[in-house]
Amino acid sequence: MIIEKNIEKIKQRAKDSVDENYALLEMLNSDSFLAENANIKVKDFYNEIQGQIKCEECGECCREVLIVFEKKDIEILAQHLKENKEEIIKKYFHCFEKFDCYVMNSSPCVFQKNNLCTIYEYRGTECREFPYLDSKPFSEIFKYVFQGYSICPIHFNVIEMLKKDSEIIKAKGDLIGA
Ligand code: SF4
Ligand code: SF4
């Protein structure tokens, strides 16, 4: 399969695919068996895509996604920058009490320079886990993968590959025929 890496084309496809994506999301939402069956396939898609998409040439998530640091991430960053953690919070973040974490005030991320992360070894937990496909089964995170469809080439291509999967095509056909 040809992998799409061009972010402008991805954004346009996202605009054109709203209804199609919504229908697939609803299918997965209403059929947990279908979503769980996709876990291994998505892992394979991800492994295939990973070798072809280089995050260091993209950096789109650091420009577009809400940037969240946990308390322990702030402490690690403070140690690295040799600054007081309260100062770091004051300069870059606001507290999101409901989830006991900190959200960056600005976007793109202040630590992104020339597409790269200047604090890579000390980046936050969320930064490490995005695009999540390494750490969690698809059936637990597919809502986030759909949210990332217009931002992250990895999310975009995983969903596009899933749309071509025979079980998904059959389930779609059954739904239309029902
Ligand atoms: S800390 Fe680094 S990885 Fe995280 S959003 Fe900023 S630039 Fe990206
Ligand atoms: S995780 Fe996705 S959006 Fe972020 S840099 Fe990699 S390909 Fe780009």
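**Exercise 1. Determine how α3 and α8 pack against each other.**

Solution.
Step 1. Take the geometry. Helix α3 (residues 32-50) and helix α8 (residues 138-147) meet at an angle of about 90°, and their axes are 8 Å apart. The model is a predicted one.
Step 2. Classify the angle. Angles of 65 to 115 degrees count as roughly perpendicular. So α3 is roughly perpendicular to α8.
Step 3. List the contact. From α3 come S32, A35, E36, A38, N39 and V42. From α8 come F138, S139 and F142.
Step 4. Sort these residues by class. The contact of α3 with α8 has 5 nonpolar, 3 polar and 1 charged.

**Exercise 2. Do the same for α5 and α6.**

Solution.
Step 1. Helix α5 and helix α6 (residues 85-92) pack at about 105°, with axes 9 Å apart.
Step 2. The 65 to 115 degree range applies again. α5 and α6 are therefore roughly perpendicular to each other.
Step 3. On the α5 side, the contact residues are I74, E75, L77, A78 and L81. On the α6 side, they are K85, I88 and I89.
Step 4. By class, this contact has 6 nonpolar and 2 charged residues, with no polar ones.

**Exercise 3. Work out the strand order of the open sheet, and find which strands stand at its edges.**

Solution.
Step 1. Start with β1 and β3. Strand β3 covers residues 101-104 and pairs with β1 in the antiparallel sense over 3 bridges. Within this pair, V68 has V103 in β3 as its bridge partner.
Step 2. Turn to β2 and β3. These strands run antiparallel and are joined by 4 bridges. F96 has its bridge partner in β3, namely C101.
Step 3. Assemble the order. The open sheet has 3 strands in the order β1-β3-β2, with antiparallel pairing.
Step 4. Read off the edges. β1 (68-70) and β2 (93-96) each have a single partner strand, so each has one side without a neighbour in the sheet.
Step 5. Add the twist. From one strand to the next, the average is 35°.
Step 6. Place the helix. α5 (residues 71-81) packs on the sheet and touches β1 and β3. The direction of α5 makes about 85° with that of β1.

**Exercise 4. Find the backbone exceptions: which residue that is not a glycine has a positive phi, and which peptide bonds are cis?**

Solution.
Step 1. Look at the turn between β2 and β3. The hairpin has 4 residues between its strands. D100 lies in this loop. Although D100 is not a glycine, its phi is positive, at about 55°.
Step 2. Go on to P108. This proline lies in the loop between β3 and β4 (112-113). The bond from S107 to P108 is cis, with omega near 0°.
Step 3. Check P131, in the loop between α7 (125-129) and α8. The bond from F130 to P131 is cis, with omega near 10°.

**Exercise 5. Describe the surroundings of ligand 1 and ligand 2.**

Solution.
Step 1. Collect the shell of ligand 1. The residues are C62, I67, C109, F111, Q112, C117, I119, R123, G124 and C127.
Step 2. Sort them. The shell around ligand 1 has 7 nonpolar, 2 polar and 1 charged residues.
Step 3. Collect the shell of ligand 2. I53, C55, C58, G59, E60, C61, F130, P131, I151, C152, P153 and I154 surround this ligand.
Step 4. Sort again. Around ligand 2 there are 10 nonpolar, 1 polar and 1 charged residues.
Step 5. Tie this to Exercise 4. F130 and P131, which flank a cis peptide bond, are among the residues around ligand 2.

**Exercise 6. Divide the chain into domains and describe their contact.**

Solution.
Step 1. Read the domain assignment. Domain 1 takes 7-59 + 132-177, and domain 2 takes 66-129.
Step 2. Locate the centres. Taken over C-alpha atoms, the centres of domain 1 and domain 2 are 28 Å apart.
Step 3. Count the contact residues. Domain 1 gives 4 residues and domain 2 gives 4 residues.
Step 4. Classify one side. Where domain 1 touches domain 2, domain 1 has 1 nonpolar, 2 polar and 1 charged residues.

Technical notes:
Residues are numbered from 1 along each chain as its sequence is written. Chains are lettered from A and ligands numbered from 1 in the order in which they are written. This is a predicted model: local features need pLDDT of at least 70, side-chain atom pairs count only at pLDDT 80 or more; totals for chains, interfaces and linings use all residues. A residue is near a molecule or strand if its C-beta atom, placed from the backbone, lies within 6 Å of it. Ala, Val, Leu, Ile, Met, Phe, Trp, Tyr, Cys and Pro count as nonpolar, Asp, Glu, Lys and Arg as charged, and the others, Gly among them, as polar. Domain bounds come from an automatic or database domain assignment. Two residues are in contact if their C-beta atoms, placed from the backbone, lie within 7 Å. Two strands pair if DSSP finds at least two bridges between them. Helices (H or I, at least four residues) and strands (E, at least two) are DSSP runs, numbered from the N terminus. Axes are lines fitted to C-alpha atoms, for helices over the stretch in contact, and angles run from 0 to 180 degrees between N-to-C directions. Angles under 35 degrees count as roughly parallel, over 145 as roughly antiparallel, 65 to 115 as roughly perpendicular and the rest as oblique.
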